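Visitor: Zoom in on the strand pairing for me, please, and take your time over it. After that, carry on to whatever else is worth a look.

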Amino acid sequence: MQNRKTAMQRDQNLAKKSGEFLIGGDLRVVRLGFGAMRITGNGVWGEPADRTEAVRVLRRAVELGINFIDTADSYGPGVSEEIIAEALHPYPPGLVIATKGGFDRPGPNRWIENGKPEHLRSACEGSLRRLRLERIDLYQLHRIDPKTPAEDQLGALRDLQAQGKIKHIGLSEVSVRQIQHARTVVPIVSVQNRYSVTDRGSEDVLEYCEKQKMGFIPWFPLAAGRVSGPESPIGHIAVQWKATPSQVALAWLLARSPVILPIPGTSKVEHLEENVAAAALKVDASQTQELDRMARAS
Ligand SMILES: NC(=O)c1ccc[n+]([C@@H]2O[C@H](COP(=O)([O-])OP(=O)(O)OC[C@H]3O[C@@H](n4cnc5c(N)ncnc54)[C@H](OP(=O)(O)O)[C@@H]3O)[C@@H](O)[C@H]2O)c1
């Protein structure tokens with residue numbers, strides 16, 4: 001019994017080794033989070049191949065100390081949010097679920113931006129219902145829809161915030177100019193852009209977030225498990241560090257900036273445990289720079 005308790009306490013502390021961040025100055029999250037897009041079917045459509053394992057992944061994530069889960073109404077659609085509620089409701093204190101709205105899903109692998117205010121309002125209501133929440137802690141505009149004025153999309157989120165349906169607002173796949181403009185309409189606390197050690201297109205956005213103390217949530221942090229081959233720089237460093245390439249990629253993100261909140265996704269407990277163990281990898285400044293140099297050169 002005592003051994004089991006000690007093992008559980010050790011588990012609880014694992015993700016916490018990544019440190020903490022205050023989203024919007026008041027939502028305290030463990031920096032290494034979980035992305036729940038991969039607990040759906042192929043093409044982010046329908047039921048996952050193994051729903052029981054998906055439920056196990058979410059429960060294990062919380063056991064390992066993760067308290068920040070990213071999802072969207074469009075994952076499934078609806079499936080990811082429903083499985084999160086099935087696995088974790090009633091939610092443990094301090095669990096932050098971030099969801100998103102702003103896409104229509106006509107079929108597998110098909111994503112069409114829809115930023116019409118009426119769509120965003122009904123998307124948010126759907127997320128509240130599926131997640132069984134009274135208020136969403138972090139609601140992210142999945143894309144700024146070029147077909148609708150940005151002010152109208154952000155205005156719809158500002159109204160939802162005023163009604164108490166969402167606490168904080170984040171953006172996804174945006175430029176620095178778009179963030180600056182959005183902030184003239186409504187306070188923005190986080191940005192979710194594609195970014196990893198080998199994918200550095202959003203470096204300017206990360207630097208902006210760092211200056212403004214906004215959370216930067218890099219999606220595709222493992223390039224879907226293909227962040228490196230055995231002969232790549234990351235593969236070599238992984239051998240040196242006695243770690244896996246995924247762990248090196250995550251440890252690099254955590255070391256790169258204190259505002260980075262990685263959300264690696266998986267449908268398997270085994271991969272989840274491997275990824276969370278990256279929180280304990282210590283990467284010093286010279287190793288970060290070496291990896292940076294090698295990744296840029298490859
Ligand atoms: N804002 C946006 O537009 C946007 C877009 C895409 C994603 N996202 C968010 O970002 C999260 C992460 O992005 P992502 O899922 O595209 O990319 P990712 O986290 O880089 O990769 C996830 C994929 O990698 C595999 N994987 C995970 N851990 C592994 C490991 N240790 N070894 C080998 N393979 C591993 C998973 O397969 P298995 O299931 O087989 O483990 C899964 O297919 C998503 O869950 C979602 O919340 C946001």
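Guide: Let's settle one term before we start: two strands count as paired if DSSP finds at least two bridges between them. Keep in mind, too, that this is a predicted model.

With that in hand, look at strand β5 (residues 96–101) and strand β8 (residues 136–141), which run parallel to each other and are joined by four bridges. One residue to click on here is Thr99, whose bridge partner in β8 is Tyr139. Now zoom out a little. β5 and β8 sit side by side in an open sheet of seven strands, ordered β3-β4-β5-β8-β9-β10-β11, and the pairing is parallel. At the edges you'll find β3 (34–35) and β11 (215–216); each has a single partner strand, so one side of each has no neighbour in the sheet.

For a contrast in direction, jump to β6 (residues 103–107) and β7 (residues 110–113): these two pair in the antiparallel sense, over three bridges. Gly107 has Arg110 of β7 as its bridge partner. Together β6 and β7 make a hairpin with two residues between the strands, and Asn109 adopts a positive phi near 60° there.

On to the ligand. Its surroundings comprise 28 residues, and the ones that come nearest are Leu222, Thr266, Ser267, Lys268 and His271. Sorted by class, that shell holds 11 nonpolar, 11 polar and six charged residues. Helix α10 (residues 269–276) supplies the largest share of the shell, three residues.

If you're after polar contacts, start with Lys268: a side-chain N or O atom of Lys268 is 2.4 Å from an oxygen atom of the ligand. Asp70 also reaches a ligand oxygen with a side-chain N or O atom, at 2.7 Å. Ser172 has a polar side-chain atom 2.8 Å from a nitrogen atom of the ligand. As for how covered the ligand is, on its own it has 900 Å² of accessible area, and the protein covers 89% of that.

One last stop, the cysteines. Searching the whole structure turns up zero disulfides. Cys124 counts as buried because its relative accessibility is 0%, and the buried Cys209 also has a relative accessible area of 0%.

Methods
Residues numbered from 1 in each chain as written. Predicted model: local features only at pLDDT ≥ 70, side-chain atom pairs only at ≥ 80, totals over all residues. Heavy atoms only, no water. Near = heavy atom within 4 Å. Polar contact = N/O pair within 3.5 Å; in protein donor to acceptor, adjacent residues only side chain to side chain. Areas by Shrake-Rupley, 256 points an atom, 1.4 Å probe, with all protein chains shown as cover. Nonpolar A, V, L, I, M, F, W, Y, C, P; charged D, E, K, R; others polar. Disulfide = S-S within 2.5 Å. Buried < 20%, exposed > 50% of the residue type's maximum accessible area, 1.4 Å probe, protein only.
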